[in-house]
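This briefing concerns a predicted model. It addresses one lysine, a helix pair and the nonpolar cores.

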Amino acid sequence: MSSSSKAVLPKHVAIILDGNGRWAKQRGLPRNFGHKKGAENVKEIVRAASDAGVKILTLYAFSTENWKRSAAEVRILMELFGIYLESYTEELRAQQVRVHIIGERGDLAAGLQAKAERLEAATAMNTGMVLNIAINYGGRTELLRAMAAYAATLPQPAEPSAWTEEGLAAHLYPGAQDDVDLLIRTGGDFRISNFLLWQISYAELYFTPTLWPDFTAAELRSALQNFGRRERRFGGVSEGG
Ligand code: IPE
Ligand code: IPE
Ligand code: MG
């Protein structure tokens, strides 16, 4: 990243990692193979993001809508999450990455919940990048939960003026409350699929046809560089404009 080292880096990068099933299909393999390859790729991209200096990385692994898939596919995904959460602690310690599992955790199997808690506890003192892994995550569910939690802190009936953006954001899932600077979606579709609805309000969007298992550290760095060339105006006007 020599010549671009002065470029602005996104602080919070979020990725919708899509395309595992199609990656497998292209090879005449069952979808599970794509999920396994996709899970392996997570480690490479986490390392690359951390090395590049990203402060917060939020990955969409399983949505509240993904329960619609076949029981067999859901089971394989849950098994992979379990294996992954359990085997990752040492590597994350070496990289000083701190993990949060975000989403409706209470609906996950007790064993998986325990693994999520253990990984969070084991990495809580790490001082580097924050890694949020979204499992059973839905943006609307997150907002409903945050509104209810926020309302409980306000005297009722709350004046409309008592509600603030910062106040609501403080009740989003811990780890992923900051605005997203760069949202990446792999797999070629141009949609948000219920991810981080509040936090992406002013995110820069980067859509790529690359299927998630093929998304490399080099393509991540190129997305970060692309971000650095964009002019963010936040509703204002550009200099000299
Ligand atoms: C993303 O890959 C992983 C999850 C949503 C769990 P997909 O499984 O959605 O792959 P495609 O979109 O069918 O190729
Ligand atoms: C989005 O992928 C959710 C995750 C990556 C976890 P999907 O494959 O579920 O999204 P849709 O169904 O194409 O919107
Ligand atoms: Mg998909």
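Lys-37 is partly exposed, because its relative accessible area of 35% lies between the 20% limit for buried and the 50% limit for exposed residues. This lysine is found in helix α2, which spans residues 31-52.

**Surroundings of Lys-37**
- Leaving aside residues up to four places away in sequence, Lys-37 touches Trp-23 and Pro-213.
- Between the C-alpha atoms of Lys-37 and Arg-118 there is a separation of 24 Å, and these residues are 81 residues apart along the chain.

**Packing of α2 and α3**
- The axes of α2 and α3 are 10 Å apart, and the two helices pack at an angle of about 25 degrees.
- Because this angle is under 35 degrees, α2 is roughly parallel to α3.
- The crossing of α2 past α3 is right-handed.
- On the α2 side, the contact is made by Arg-31, Asn-32, His-35, Lys-36, Ala-39, Val-42 and Lys-43.
- On the α3 side, Glu-73, Ile-76, Leu-77, Leu-80, Tyr-84 and Ser-87 take part.
- Six of the residues in this contact are nonpolar, three are polar and four are charged.

**Nonpolar cores**
- The largest nonpolar core has 41 residues, of which Ile-15, Val-46, Leu-57, Leu-131, Ile-184 and Leu-220 touch the most other members.
- Helix α3 (residues 71-87) supplies the largest share of this core, with six residues.
- Leu-131 touches Val-46, Leu-57, Leu-59, Tyr-88, Val-97, Arg-98, Val-99 and His-100, again not counting residues up to four places away in sequence.
- A second, separate core comprises 14 residues, including Tyr-60, Ala-134, Tyr-137 and Phe-195.

Technical notes
Residues are numbered from 1 along each chain as its sequence is written. Chains are lettered from A and ligands numbered from 1 in the order in which they are written. This is a predicted model: local features need pLDDT of at least 70, side-chain atom pairs count only at pLDDT 80 or more; totals for chains, interfaces and linings use all residues. Side-chain values use heavy atoms; hydrogens and water are left out. A nonpolar core is a set of buried Ala, Val, Leu, Ile, Met, Phe, Trp, Tyr and Cys residues joined through side-chain atoms within 4.5 Å. Buried means under 20% relative accessible area, exposed over 50%, partly exposed in between (1.4 Å probe, protein chains only). Helices (H or I, at least four residues) and strands (E, at least two) are DSSP runs, numbered from the N terminus. Contact means heavy atoms within 4.5 Å. Axes are lines fitted to C-alpha atoms, for helices over the stretch in contact, and angles run from 0 to 180 degrees between N-to-C directions. Angles under 35 degrees count as roughly parallel, over 145 as roughly antiparallel, 65 to 115 as roughly perpendicular and the rest as oblique. A crossing is left-handed if the near helix is turned anticlockwise from the far one by less than a right angle, and right-handed if clockwise. Ala, Val, Leu, Ile, Met, Phe, Trp, Tyr, Cys and Pro count as nonpolar, Asp, Glu, Lys and Arg as charged, and the others, Gly among them, as polar.
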